[in-house]
Amino acid sequence: MTDRPARIFLVGFMGAGKSSVAIALAQRLGWEAIDTDSSVEVQEGCSIEQIFRERGEGSFRRAEWEVLIALAHQEGRVIATGGGVFACADHRRWIRAHGVSVWLDSSLAACATRVGTGAGRPRWQAARGVGFRAFFEKRRAIYALADYRIGADRGSPEEVADRVLHRLADRLPTEGR
């Protein structure tokens, strides 16, 4: 392949390491790292937890979509998406049209270790319990629709970023690496 993506979208479950890997990957490419959850918080002037509590998940998803749309003309970005972004078919189509998607595949145990109690993560809190494994597996099936899959259970964010670079080597510019 010779078409170079203008953006790399990291997708995966909460705690897969998307935010940390985005920073490491962007540094290696000389690009900018963007975290959609953080961008929503800045745009809305409050935490994701507060948005969920006061306005509902639908309001959060609309704000998340606005953040994605704002990226349409910003090239050279590694975007750490929220865990639910890729669950929406419209978002998946938009991501495919504007970059390349990379699934950071991590086991539920690894995600749980990284997330801990899930403070500040309303979907983690809501999903815990009997249906949690089913929620995780449903999301994994959706993430499997990404352009690339990278194992993210082992290694530092820098090591995972290196695996992403290796996998995308034929599609990325060589400067900054």
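The protein has nine helices and five strands; these elements are DSSP runs numbered from the N terminus, helices being H or I runs of at least four residues and strands E runs of at least two. This is a predicted model, in which local features need pLDDT of at least 70 and side-chain atom pairs count only at pLDDT 80 or more, while totals for chains, interfaces and linings use all residues. Residues are numbered from 1 along each chain as its sequence is written, and side-chain values use heavy atoms, with hydrogens and water left out.

**The whole chain**

Begin with the cartoon view and follow the chain from the N terminus: the elements run β-α-β-α-α-α-β-α-β-α-α-α-β-α. Of the 177 residues, 49% count as buried. Buried means under 20% relative accessible area, exposed means over 50%, and partly exposed lies in between (1.4 Å probe, protein chains only).

**The sheet**

Select the five strands next. They form an open sheet in the order E2-E3-E1-E4-E5, with parallel pairing; two strands pair if DSSP finds at least two bridges between them. Which strands stand at the edges? They are E2 (32–35) and E5 (148–151), each with a single partner strand, so one side of each is left without a neighbour in the sheet. Neighbouring strands are turned by 25° against each other on average, direction ignored. Axes here are lines fitted to C-alpha atoms, for helices over the stretch in contact, and angles run from 0 to 180 degrees between N-to-C directions.

Now select E2 together with strand E3 (residues 77–80): the two run parallel and are joined by four bridges. Asp35 has Ala80 of E3 as its bridge partner. Add helix H2 (residues 36–44), which packs on the sheet and touches E2 and E3, its direction making about 70° with that of E2. Contact means heavy atoms within 4.5 Å.

**Two helices with a buried side**

Select helix H9 (residues 157–167), where Val160, Ala161, Val164 and Leu165 are buried. Seen down the axis of H9, its buried residues fall within an arc of 145°, so they line one face of the helix; the arc is that of the directions from the helix axis to the C-beta atoms. The elements covering these residues include helix H1 (18–29), strand E4 (100–105) and E5.

Move to helix H3 (residues 48–55), in which Ile48, Ile51 and Phe52 are buried. These residues cover an arc of only 95° around the axis, which puts them on the same side of H3. Just after H3, Gly56 takes a positive phi of about 95°.

**The aromatic rings**

Show the side chains of Phe, Tyr and Trp. Their rings (for Trp, the six-membered ring) pair if the centres lie within 6.5 Å; planes under 30 degrees apart count as stacked, over 60 as edge-to-face and the rest as tilted. By this rule there are six aromatic pairs. One of them is the tilted pair of Phe52 and Phe60, at 5.3 Å centre to centre with 40° between the planes. Phe52 is buried at 16% relative accessibility, and Phe60 is buried at 3%.

Select Trp65 and Trp94 next: their ring centres are 6.4 Å apart and their planes stand at 75°, so the pair is edge-to-face. Trp65 belongs to helix H4 (residues 57–70) and Trp94 to helix H5 (residues 89–98), 29 residues apart. Are these residues buried or partly exposed? Trp65 is partly exposed at 28% relative accessibility, whereas Trp94 is buried at 10%. Add Phe9, which ring pairs link with Trp65 and Trp94 into a cluster.
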